[in-house]
Every structure is written in structure tokens, then in C-alpha cells.
Amino acid sequence: MRKEKALLFELGRPGRRGASLPPVDVPEKPLEELLPPEMQRETPLDLPELSEGEVMRHFTELSHRNFGVDSGFYPLGSCTMKYNPKINEEVAAFPGFTHLHPYQDDATVQGALELFYLAEQGLKEVTGMDRISFQPAAGAHGELTGLMVILAYHRSRGEKRKKVLVPDSAHGTNPATITMAGCKAVEIPSDERGLVDLEALKQNVDEDTAGLMLTNPNTLGLFEEDIDQIARVVHDVGGLLYYDGANLNAVMGYARPGDMGFDVVHLNLHKTFSTPHGGGGPGSGSVGVKEKLIPFLPYPVLGKDGEGNYYWNHDLPQSIGKIHSFYGNFTVAVKAYTYLRMMGAPGLKQVSRDAVLNANYLMNRLKDYYYLKYQRTCKHEFVISARQIKKNYGVGTADVAKALLDYGFHPPTVYFPLIVEEPLMVEPTETESKETLDDFAEAMKKIVSLAQKDPEQVTSAPHNTVVGRLDELTAARYPRARWIPEE
Amino acid sequence: MSRFHYLPLTDEERAEMLNDLGINSVDELFTDIPKTVRFSGEMELPPPLSESEAVNHLAELADRNYHLQENPSFLGAGVYDHFVPAAVKHVLGRSEFYTSYTPYQAEVSQGLLQSIFEYQTMICQLTGMDVANASMYDGATAVAEAAVMSCNVTRRDKVVVSRSVHPAYRQVLQAYFDARDFRLEEIPMKEGTLDGEEIEAQIDDQTAALVVQNPNFLGMLEDYNGLAEMVHGKGALLVAAVDPISLPLVKTPARYGADIVAGEGQSLGNFTSYGGPLLGFFAAREKFARRMPGRISGQTVDTEGRRGFVMTMQTREQHIRRGRATSNICSNQALNALAATVYMASLGPQGMKEVASLCLQKAAYLREKIESLTGYRVVYPGPYFKEFPVMVPGAPEELNQRLLEAGIIGGLDLGRFYPELENSVLFCVTEKRTREEMDKLVHELEGWK
């Protein structure tokens with residue numbers, strides 16, 4: 001039986017509380033003496049009143065209504081939903097990390113600074129870049145930082161370039177970032193291979209081109225094999241190359257952005273480096289740059305003096321400035337570093353090998369049931385299409401996704417990339433077993449036969465989740481984004 | 001057998017899978033990477049560690065830090081050492097939450113979507129605003145996005161910010177504005193707060209917003225009487241950054257006429273974590289709901305009329321609108337927002353008020369004690385919340401060194417950010433600081449000349 005879950009505001013009773021506080025151990029002054037009446041809150045704060053046990057039950061019940069990687073297979077394309085090692089959580093919770101204040105003197109946080117230093121060394125090696133900044137808090141934030149660095153570089157050469165190229169297969173954050181950076185996005189079409197159309201690229205680059213943002217492998221999971229020429233075309237007009245690291249999980253130990261001609265890269269530490277996604281954050285969009293761009297990185301950057309002491313260097317006259325209050329999501333960097341150390345070079349390479357093997361194996365299992373537009377070896381992910389069953393039985397991508405929920409799987413990324421009709425973007429990752437892939441393939445197959453026999457069963461899915469299919473249109477048309485007490 | 005315990009594939013399975021694909025080796029799957037860019041060497045990384053070795057290594061790094069649990073701290077300035085109830089950790093530790101992603105598939109993400117909805121509601125209750133989003137990266141980027149949104153809403157390109165706003169917020173604002181060729185102007189301070197007399201002259205018909213902070217970076221409460229009317233009269237918006245811990249006692253930004261409220265929510269149930277992850281919060285008046293950045297959870301119904309929650313007003317967002325989105329934000333600080341929700345649910349209205357009151361009373365105690373010391377001068381007479389600047393008889397760096405030797409982490413050296421406040425220290429007192437700890441601090445200050 002499906003039951004509605006009460007909101008916090010519908011629970012508890014006036015007078016209950018879920019936390020205790022220390023007594024006032026100083027002589028108490030009247031409130032008016034400390035806070036002038038005209039500066040005081042006028043209406044009392046209205047919050048629910050629950051005991052600690054009620055709080056725990058409420059959120060435990062909510063957790064039962066949520067699906068994570070620990071719940072089951074989560075092949076959300078371009079999001080790299082790999083297993084999140086528990087050791088990451090344990091070490092990041094050490095008080096020596098969680099109870100540091102960002103304004104503590106550098107001398108008192110040498111362990112934290114060394115961790116940043118060591119993590120940087122590792123990520124430099126994996127990406128082939130010369131310096132890393134951990135300030136960006138998420139992938140899109142890294143994109144913005146990277147683009148600002150590129151623009152600052154051009155400005156330092158007396159150029160105000162305003163055009164940034166992106167393939168039509170790019171993540172939505174790319175064009176949105178370009179706008180945030182005050183530039184204009186110019187879309188480059190993909191060719192019949194699903195790769196950047198070189199001719200179109202050549203026609204669109206010019207002296208106003210600040211750079212090209214590229215994901216490689218791209219969002220179709222295909223390696224941009226003309227990367228050499230792409231880099232040359234962009235560099236020839238003085239533009240720079242930006243690497244969206246969302247898909248780095250495919251190529252560790254096989255190719256490095258720094259060797260492919262990229263000048264700037266952002267890494268999603270919450271994807272490739274296994275720090276959890278946290279339900280949508282905190283992540284980390286650490287940015288790596290080549291030597292000539294180091295002066296433009298956000299300040300402060302980490303320094304190491306002759307005696308081996310670490311310090312924050314705020315003196316960077318050409319820096320783009322600050323893009324985070326402090327140094328970025330530190331404890332996320334702790335988790336990524338832990339992962340990096342546990343895997344080492346052989347482990348990371350094995351990660352990419354298994355990720356790519358899993359993806360190709362699964363693609364091969366699915367291509368007889370779903371249309372595969374680009375028939376070639378994929379990297380860590382691939383895009384299949386529900387266009388045939390849509391045409392024949394009226395069962396589209398959204399229906400397939402909802403039907404998968406009934407089989408206990410999280411669906412792939414849907415309706416992206418935009419260049420494939422009725423797309424499903426599948427990224428199994430390396431942490432899934434062959435049995436899981438086989439089970440998933442079987443479910444995908446069953447959905448096709450169900451679509452044929454009883455399409456209504458699929459279009460009305462999901463049937464086994466805590467709520468039925470939710471009405472997004474009404475929610476958007478008549479937004480209700482907060483609880484309001486009933487009169 | 002794999003030596004990496006996160007990787008389930010066995011060599012036999014790999015062989016079966018390769019066979020299925022009709023190839024002989026995994027390397028064949030990488031031949032599309034041209035030789036010219038293929039990495040042929042071995043990455044130079046330290047050899048892999050076992051889990052127990054990793055724990056030791058990380059523990060060794062952590063042990064080299066002086067942390068706030070062992071050394072009582074008087075540092076605040078935007079990130080605060082408030083008490084976090086144990087329940088917060090236990091909810092956040094539930095892996096259904098922390099191993100999930102942005103709730104794209106609503107039917108299996110009701111837990112997170114409902115908790116975001118509850119969070120949004122609580123942020124509205126605290127600030128008095130109509131609508132809040134699911135979170136931003138931190139206070140600084142929340143304020144920067146609020147300023148950018150003001151420019152988009154008003155179609156103007158200048159923002160005026162008070163010098164009393166957190167220096168890091170102003171720096172981030174500057175970086176965001178430099179990129180877009182927006183203009184940023186600063187209003188000076190008077191007695192440690194926004195200088196009311198300077199404002200009118202600086203806000204013109206090109207000004208999109210005035211950005212203020214209350215309590216401000218220096219801990220002082222600002223007087224905004226008549227401010228919103230003046231700002232609105234010029235067609236600009238009022239953006240206020242606030243400390244959520246103060247709001248159970250301090251006038252809400254909605255009351256003094258703010259259009260957008262943005263700020264740092266770390267103190268709601270999140271540790272200081274060396275400044276990250278933090279929690280940016282963002283709220284606005286109803287009429288700006290569709291201009292807001294970030295995710296928003298909204299209430300709806302399922303096919304049988306049952307209440308449920310979805311991400312809503314998504315046409316604002318990058319994955320739909322691409323280059324015309326209100327912001328590029330995608331991942332935010334969801335788990336930190338969950339911490340804030342559990343924190344507020346645990347404390348309730350009474351607990352939240354007690355925390356605010358404890359901060360206020362204890363800060364007053366310490367301020368009075370320090371004021372009575374010779375050589376020390378409380379810089380501003382005006383009302384404050386839990387922080388206040390003190391001019392000290394010497395270099396703050398030396399003072400803090402002495403305090404550290406006594407096991408105390410001292411306040412912030414303000415000269416770093418305000419040359420006019422050389423030799424001044426910003427002391428912060430949360431409910432965690434005991435009278436004993438404060439008396440010890442005072443004792444150390446007394447003995448230092």
C-alpha cells in the first residue's frame with residue numbers, strides 16, 4: 001500500500017525538543033540591553049517541535065524513500081555513479097579535518113595543507129596538468145573558473161575574446177557557463193560519427209575565439225579521435241582548449257588531457273574519484289591548468305617554502321580573484337585523495353579498463369532491443385534510443401525509465417544528449433559486476449516485450465515505488481515550493 | 001583475482017565479456033585513442049595502499065593539525081564552531097542519501113526531494129522570505145548569484161556593496177562581475193556599519209542592487225531603517241546576507257524589505273571543515289521565483305492524487321535552457337542542506353532561540369571582560385551579535401601565537417582585510433565557549449603586553 005509521508009511540519013507537539021544545549025554560565029543581561037527593540041525579530045520563529053527519536057524516525061523513513069548507489073545499480077550517464085568507498089567517509093570525519101577553521105594560521109594546519117599538496121601532485125599526474133586549484137565546489141563551478149582563467153589569459157595579452165565554442169553534444173552546464181562568463185556560446189555540430197565536425201569547427205574559429213570546451217570522451221561515450229587536429233585548429237587562432245572532466249573515468253592511464261592539447265581541465269572529484277554525490281553535492285570541480293595559465297588561477301594558491309612548510313600564497317597579481325569563500329570543499333578533497341592513494345596508478349588504470357569493458361559489454365547486450373545510432377566502440381558510456389518502441393507502441397524514453405524503477409534499477413540519464421532521438425545514456429561504471437549488467441539487460445529486454453504486449457503497463461509505470469508517476473507539469477505551472485499551514 | 005576491492009570483475013568474467021564482444025584484450029577497446037595522444041608510460045603515483053595503511057596515513061595527516069575540539073577557538077568571521085547534535089551525523093550517514101545523485105527520478109528520490117522541500121520551508125520561516133532554493137555552494141557564491149540575478153531582473157549592470165560585507169564575498173562578487181563586465185562599487189563604513197549617508201549618492205538609475213550584511217562581517221548589527229524604500233525608489237533591489245543563527249532573535253530581512261536573501265548556512269548543523277563544504281542559502285520574494293538560480297523542490301501529486309515532490313521550475317536551469325539559463329549551477333551542497341534541515345528539526349524554535357541567546361549573552365560577557373583590560377579597546381560601541389572587534393596592544397599575530405601556546409585559537413587579525421583596523425582582532429563567541437574558556441582567554445590577554 002502506498003502511503004503519504006507526513007512532513008516535519010505535520011509532526012511533533014508544541015513543547016517537544018530534539019536537542020539539548022548548555023546552560024547560560026555567564027551573568028545574564030536583559031535582551032533589550034543587548035539588542036535594541038527595533039532590531040529584534042517581530043514574529044516568533046515557526047519550526048516543528050520533535051523529540052530526537054521522532055527526528056530520527058522521520059529522516060530514516062525518508063531515507064527508505066530514496067535510492068542511492070548502495071541501494072542498487074545507478075547507470076546515470078555522465079554522472080559516474082560508482083561505488084563510494086566507506087573508508088572515504090571514515091577518514092574525512094576525523095576531527096583533525098572536520099574541526100579546522102579556515103582562518104587558522106597556516107602553521108596550525110600543516111597536515112591539511114600537505115593533504116592538498118599531495119592530492120594536487122596525484123591529480124597533476126593523472127591529468128598531465130601543471131597546477132590544480134581545489135576552490136571550485138562543483139563541476140559547473142570549475143567550468144566557470146576555467147573559463148575565467150582563459151579570459152584572463154587573453155586579457156593579459158591585450159585581447160578581449162568573447163566567443164566560446166561547444167559541440168552540440170555538450171553538457172548543458174557548458175553553454176550556461178559561457179553565458180555566466182560573459183561570453184557567447186557557438187555550437188559546433190557533430191558529424192555522422194558522433195564526433196566534432198572538423199569542417200564546421202574550422203569555419204567557426206576566428207580571432208575572437210577564446211576557446212573550445214570539450215568533453216573527451218564526449219557525452220555519447222565516444223573518443224574524439226581528431227583531438228590532435230581539433231587542438232591545432234583552436235590553438236592556431238590563439239584560442240585555448242578546455243577539458244570538461246566529467247568523463248575522465250574512461251581514460252585514466254590511457255590518455256591525459258594535458259597530452260591531448262588541453263590547457264585547462266576541471267575534474268569532478270565526486271564522479272571519477274569516488275567521493276559521493278551526496279544527493280547533489282557537495283562535490284568538487286577542481287581545476288587544472290598548464291604552466292602559462294598558473295598566474296591566473298584563483299587565489300590563494302598553495303606554496304611550499306625552503307623548509308618544507310606549506311602556506312597559502314595570496315599574492316597573485318594576475319589572478320582571476322576568488323571564486324569560493326575559502327579553499328573549496330576540503331573534506332571532499334580528503335576523500336578523493338584517499339581513493340587516489342588506495343588505487344594508485346595500476347588501480348586507476350584498471351578502473352578505466354573495467355569501466356570501458358562494462359560499457360561495451362552492456363551496449364552489446366542492448367543493441368538488439370534499442371536503436372544504437374553510433375555503432376562503434378564506446379568508452380565508459382553509450383547512448384541508446386527508444387525511438388523504435390516509441391514509434392511502434394507509443395512507449396518513449398520516459399516510460400522505459402519509469403518501468404526500470406519497478407525492476408529496482410535507477411534509470412540511465414534520459415533525454416540527453418540532444419542529438420539523439422529518445423535517448424538513454426547508460427554509464428555502468430567499473431564497480432558493477434557482470435551479473436548486475438546481465439540483470440539490467442534482461443530488464444531492458446523485458447520492457448521492450450512488455451511495450452509490445454501491453455504498452456499501457458509501461459506508460460503507467462512505475463507501479464512498485466512509494467509514489468506513482470508524478471505530475472511535473474502542474475508542479476511547474478503552479479509552483480508550491482514550501483509548506484504552508486492549512487487555515 | 002583483483003587486488004582492488006571496489007572492482008568486482010574477475011579475470012574469468014573479463015575473459016567471458018571479451019569473448020562476447022569478439023575481441024582478445026581490453027586494450028582493443030582503447031585503439032580509438034590516437035597514438036599521438038595515447039599515454040604510454042605508467043602514471044607516477046605512490047603505490048596503492050591497503051585500507052588500514054590508508055587510515056594510518058590519513059590519521060597522521062589529521063593529527064598534524066590543531067583542531068577546534070582540542071583547542072577552544074574564538075575564530076568566526078563567516079564560519080562558525082556551533083554545536084552539532086549527534087542525530088545530524090546519523091542521518092547524513094544513511095547511504096540512501098549520501099550515495100544518491102541530484103533527484104532526477106522523482107519516484108525513487110522522494111526522501112531527498114521531501115527533505116529539500118522541508119529545508120526550503122525552514123529557510124523561508126527563518127528569513128521571512130517567500131521562496132528558497134535547494135542550496136548554493138557557499139555564502140560568497142550565493143551573494144554573487146544574487147547580485148547577478150539582480151542585474152538580470154533589473155537589466156542594469158551596476159551593484160553597490162557595503163564595505164561591511166564579508167571580504168571574501170566581495171572578492172568572489174568582484175570575480176563574477178569582472179567576467180561579465182558588470183560594475184561593482186563599494187560603500188564605506190562608519191562606526192563599523194554601513195554608512196547610511198553615502199548610499200543615496202551612489203545608487204543611481206544604473207544600479208541593480210545594494211548588497212548588505214547583517215550582522216556584518218565585523219559582527220555588528222546594522223540599522224536599515226528606511227533603506228529598502230530608498231533602494232526601491234531608485235528601481236534597485238536590496239540583497240541581504242544574514243547569519244541564520246541570529247534570526248530567531250534578530251529582525252528578519254523580509255521585515256527590512258530585502259528582495260533577495262543569500263548567505264552562509266554552515267552554522268546550521270555543519271562542521272567548520274576548514275571552510276568546505278559550506279552551505280550557501282538563497283531566498284527571494286515570490287515574484288522573483290522564476291528568476292532564481294539553482295534547484296527547487298516543489299509539491300505535486302502522483303497519478304492517484306497522492307502528495308509527492310519533484311524538482312520544479314526547471315526551465316530556469318542549464319540542462320533545459322542551456323545558454324539562457326538563470327545560472328550554470330548543477331551540483332550544489334545538498335547533503336549540507338540536509339544537515340541544516342536535521343539541525344533545525346532537532347533544535348526546534350526553542351532550541352534555535354536558545355542558541356542565539358547563548359551567543360549573544362556569552363559574547364557580551366567576553367566583550368565586557370576584555371573592555372575592562374588596560375591596553376585593549378573594543379572598537380565600536382554599537383550593537384553586535386556574537387562577534388566584535390578589539391584593538392589589541394601589539395601585533396595580533398604575536399598575540400595569537402601566545403594564545404596557541406596556551407591551547408587557545410585566537411580571533412581573526414582584521415588588518416588582513418581592513419588596513420584601517422590594524423592591530424584589531426575579531427573575537428567570536430558561540431554557545432560552545434564556556435565561561436572557563438573565556439576567563440582563560442582574558443587571563444592570557446591580560447598577561448600579554
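The legends below describe close-up views of a predicted model with chains A and B.

**Figure 1. Overview of chain B in the predicted model.** Chain B contains 13 helices and 15 strands. Along the principal axes, its C-alpha atoms fill a box of roughly 85 × 55 × 50 Å. Of the 449 residues in chain B, 61% are buried. Among the contacts in chain B with a separation of 6 or more, 72% are accounted for by residues 24 or more positions apart.

**Figure 2. Domains of chain A and of chain B.** For chain A, the domain assignment gives domain 1 (8–41 + 48–58), domain 2 (87–342) and domain 3 (386–474). The centres of domain 1 and domain 3 of chain A, taken over C-alpha atoms, are separated by 47 Å. For chain B, the assignment gives domain 1 (11–63), domain 2 (86–342) and domain 3 (350–446). Between domain 1 and domain 3 of chain B, the C-alpha centres lie 52 Å apart.

**Figure 3. The side of chain B that touches chain A.** Contacts between the chains involve 172 residues of chain B and 172 residues of chain A. On the side of chain B that touches chain A, the element that gives the most is helix 11 (residues 334–371) of chain B, with 23 residues. By class, the residues on this side of chain B comprise 86 nonpolar, 54 polar and 32 charged.

**Figure 4. Contact of helix 2 of chain A with helix 5 of chain B.** Helix 2 of chain A spans residues 52–64, and helix 5 of chain B spans residues 110–127. Their axes come within 6 Å and cross at roughly 135°. Helix 2 of chain A is therefore oblique to helix 5 of chain B. From helix 2 of chain A, the residues that make the contact are Leu62(A), Ser63(A) and His64(A). From helix 5 of chain B, they are Gly111(B), Gln114(B) and Ser115(B). The contact of these two helices has 1 nonpolar residue, 5 polar residues and no charged residues.

**Figure 5. Contact of helix 5 of chain A with helix 2 of chain B.** Here helix 5 (residues 110–127) belongs to chain A and helix 2 (residues 51–63) to chain B. The two helices pack at an angle of about 130°, and their axes are 6 Å apart. Helix 5 of chain A and helix 2 of chain B are therefore oblique to each other. In helix 5 of chain A, Gly111(A), Glu114(A) and Leu115(A) meet Leu61(B), Ala62(B) and Asp63(B) of helix 2 of chain B. By class, this contact has 3 nonpolar, 1 polar and 2 charged residues.

**Figure 6. An open sheet in chain B and the helix packed on it.** The sheet has 4 strands in the order 12-13-15-14, with antiparallel pairing. Strand 12 (377–378) and strand 14 (412–413) of chain B are the edge strands, each pairing on one side only. Strand 14 of chain B runs antiparallel to strand 15 (residues 424–428) of chain B, and 2 bridges join them. Opposite Asp413(B) stands Val425(B) of strand 15 of chain B. Helix 11 of chain B packs on this sheet and touches strand 12, strand 13 (387–391) and strand 15 of chain B. The direction of helix 11 of chain B makes about 10° with that of strand 13 of chain B.

**Figure 7. Strand 12 of chain A and its partners.** Strand 12 of chain A covers residues 423–426. Pro423(A) and Met425(A) point one way from this strand, whereas Leu424(A) and Val426(A) point the other way; all are buried. Strand 10 (residues 382–385) of chain A pairs with strand 12 of chain A in the antiparallel sense over 4 bridges. Within that chain, Phe382(A) has Val426(A) in strand 12 as its bridge partner. Strand 11 (residues 413–414) of chain A also runs antiparallel to strand 12 of chain A, to which 2 bridges join it. Val414(A) stands opposite Leu424(A) of strand 12 of chain A.

**Figure 8. Surroundings of Asp438(A).** Asp438(A) lies in helix 13 (residues 434–453) of chain A. Because 13 other C-beta atoms lie within 10 Å, Asp438(A) is partly exposed. Asp438(A) and Leu366(A) are 72 residues apart in sequence, and their C-alpha atoms are 10.0 Å apart in space.

Conventions:
Residues are numbered from 1 along each chain as its sequence is written. Chains are lettered from A and ligands numbered from 1 in the order in which they are written. This is a predicted model: local features need pLDDT of at least 70, side-chain atom pairs count only at pLDDT 80 or more; totals for chains, interfaces and linings use all residues. Axes are lines fitted to C-alpha atoms, for helices over the stretch in contact, and angles run from 0 to 180 degrees between N-to-C directions. Angles under 35 degrees count as roughly parallel, over 145 as roughly antiparallel, 65 to 115 as roughly perpendicular and the rest as oblique. Two residues are in contact if their C-beta atoms, placed from the backbone, lie within 7 Å. Ala, Val, Leu, Ile, Met, Phe, Trp, Tyr, Cys and Pro count as nonpolar, Asp, Glu, Lys and Arg as charged, and the others, Gly among them, as polar. Two strands pair if DSSP finds at least two bridges between them. Domain bounds come from an automatic or database domain assignment. A residue is buried if 20 or more other C-beta atoms lie within 10 Å of its own, exposed if 12 or fewer, and partly exposed in between; C-beta atoms are placed from the backbone.
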